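User: Hi! I would like to learn how to read the features of a protein model, one at a time. Could you walk me through this one?

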Amino acid sequence: MPLFRKRITQIEKAPDTPIEMSPDQPNAPVTPVAPKRALPMAGADAPPRGAPVSNSGPAKLPRALPMLGGTLPAGARPVTVSTPGGVAAPDKPGTPFEEAVKRAVATVQDPDLGRSLVELGMVKSLTFQGQVVKIAVELAYYGTRYRQRVEHDLREAIATVPEVVRVEATFTAQVRATNSANRPGLAGVKNTIAIASGKGGVGKSTVTVNLAVALAQDGAKVGLLDADVYGPSMPLMLDLQGQQPRVRTIPASEPGERPTQRLQPLEAFGIKVMSIGFLVEAEKPVIWRGPMASQLINQFINDVEWDDLDYLLIDLPPGTGDIHLTLTQRLPLSGAIVVTTPQDVALSDAIKGLQMFKEVQVPILGLIENMSYFVCPGCGEKTAIFGEGGGSWAAQRYDVPLLGQIPLALAIREGGDAGRPIVIAAPDSPQAQAFRDAAQAAAARLALEASLTQGHRPAGPLIQIQRRKPGE
């Protein structure tokens, strides 16, 4: 019996033949160039298991100046600058007061990117009406806590100029793209996030759907691709069972050519969703070999009209198989999130997932520890049912962030079964807040990646199966 081995190679490979309904795909993979790592990959040494990890947020400080919305009175004197880096230096110097305010603003840094707001081009305008200052800031991602941190830092900085009587601030957000090239079918998607687990049963799909809805609630444009071909759960978890996507036919541009067909994703709770669960009967199993499953994923990438999205979350099946390799071949993934529980048996497989993404050169955004503890509804006592400290230990051991620790709660299970994620069903619950915190941490990591890569990161290596010659 011949032996086979898998080898990661930097070579080109012809794309797979699409299955029925899919038009010819002219896009061939591009030979990647090994990028400089922007975010940490798994594998660094760290303190032993049990060492403490600090996940505390920024301290809340008192206000220094009121930050009000609205427009300035008639006759406001603008002092604006049009430069690639934002507000840097005016065409002609302003008054000493105006120059002092601009110097103060220039000292404020983005709390996640670690660079000046001015340098990042986030200060879009700075105008004055007497001692009234008006500033417009465009943030790197959506998020209430993030905006509050930037607002506080601006308030503190401008307060160092004693003549200021009021600050009127306007905040908008524009998500930065981390992968803007080599993405057939996803031209309008700024960030693609793979969410994986080494084994099943750790709540990966529950985490994925709540992260997606949480990002959409903050104002981002979000899509969710259910790539778990053999066990699709999004139709149930988003209350979309029995619904089917429409197919839009685009006439051929040249006589004799085949028309192009595009699937329209379904929508729920502000996110766009595509799953094989919409295309097969609910109780019918998908009995496919790996190549057919990979071809379906190619169609979901190339033949679905995702349009413009800030984030496309991809719910991967458990393990490290064909579908994972297909995605890393076809997409320059923005990053990966690995879901685990605190227990050792789950951690051992989660670590394999971390190492897989390291091998295929995908930045690791972080770990999410699900089912971290259970809070007794009667007495409020915390019980670590699946162990304690596993996610913290793995995050330190492999030098990746711990994005969040999600409590075990009956409401999370009930929301999944009812098609109402807990961030919708119980938005004020501690569990919903834990999901929102994890979503914001992931968005911050992506903003950092976009800042470091300037939106250009090549695809990962292609995989080729080669036959071992006798005697090797």
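User: Let me start with a cysteine: is Cys376 buried, partly exposed or exposed?

Analyst: Happy to help, and please keep in mind that this is a predicted model. Cys376 has a relative accessibility of 26%, so it counts as partly exposed.

User: How many disulfides does the structure hold?

Analyst: The general idea first: a disulfide is a covalent bond between the sulfur atoms of two cysteines. In this structure there are zero disulfides. Cys376 is in none, and its nearest cysteine sulfur belongs to Cys379, 3.4 Å away. For a disulfide the two sulfur atoms would have to be within 2.5 Å, which is why this pair does not qualify. Seen from the other side, Cys379 is in no disulfide either, with the sulfur of Cys376 as the nearest one.

User: And what is the relative accessible area of Cys379?

Analyst: Cys379 has a value of 56%, so this residue is exposed.

User: Let's turn to charges. How many salt bridges are there?

Analyst: In general, side chains of opposite charge can pair when their charged atoms come close. The structure holds 15 salt bridges. One of them joins Glu99 and Lys102, with 2.8 Å between the closest N and O atoms.

User: Where do Glu99 and Lys102 sit relative to each other?

Analyst: Both are in helix H1 (residues 96–106); because they are three residues apart there, about one helical turn separates them. Lys102 has a relative accessible area of 8%, so it is buried.

User: Which parts of the chain does the pair of Arg149 and Asp112 tie together?

Analyst: Start with the contact itself: the closest N and O atoms of Arg149 and Asp112 are 3.7 Å apart, and the two form a salt bridge. Arg149 belongs to helix H2 (residues 144–158), while Asp112 is in the loop between H1 and strand S4 (123–129), so the pair links parts that are 37 residues apart in sequence. Arg149 is partly exposed at 23% relative accessibility, and Asp112 is also partly exposed, at 21%.

User: What about Lys352 and Asp349: where do they lie?

Analyst: Helix H7 (residues 344–359) contains both, three residues apart, or about one turn of the helix. Their side chains meet in a salt bridge of 3.6 Å, N to O. The two partners make a nice exercise in reading accessibility: Lys352 counts as exposed at 53%, whereas Asp349 is buried at 17%. Elsewhere, Arg147, Glu151 and Arg155 are joined into one network by salt bridges that share partners.

User: Now a residue in a loop. Is Thr178 buried or exposed?

Analyst: With accessibility, the idea is to compare the value with a cut-off, and buried means under 20%. Thr178 has a relative accessibility of 1%, so it counts as buried. Its place is the loop between strand S6 (166–173) and strand S7 (192–196). The side chain of Thr178 makes a polar contact of 2.8 Å with that of Asn191. Along the chain Thr178 and Leu333 are 155 residues apart, yet 8.6 Å separates their C-alpha atoms.

User: Finally, which residues touch the most other members of the largest nonpolar core?

Analyst: Those are Tyr311 and Phe357, in a core of 123 residues. Helix H11 (residues 430–453) gives the most to this core, contributing eleven residues.

Technical notes. Residues numbered from 1 in each chain as written. Predicted model: local features only at pLDDT ≥ 70, side-chain atom pairs only at ≥ 80, totals over all residues. Heavy atoms only, no water. Core = buried A, V, L, I, M, F, W, Y, C linked by side-chain atoms within 4.5 Å. Buried < 20%, exposed > 50% of the residue type's maximum accessible area, 1.4 Å probe, protein only. Helix = DSSP H or I, 4+ residues; strand = E, 2+ residues; numbered from the N terminus. Polar contact = N/O pair within 3.5 Å; in protein donor to acceptor, adjacent residues only side chain to side chain. Salt bridge = Lys/Arg side-chain N within 4 Å of Asp/Glu carboxyl O.
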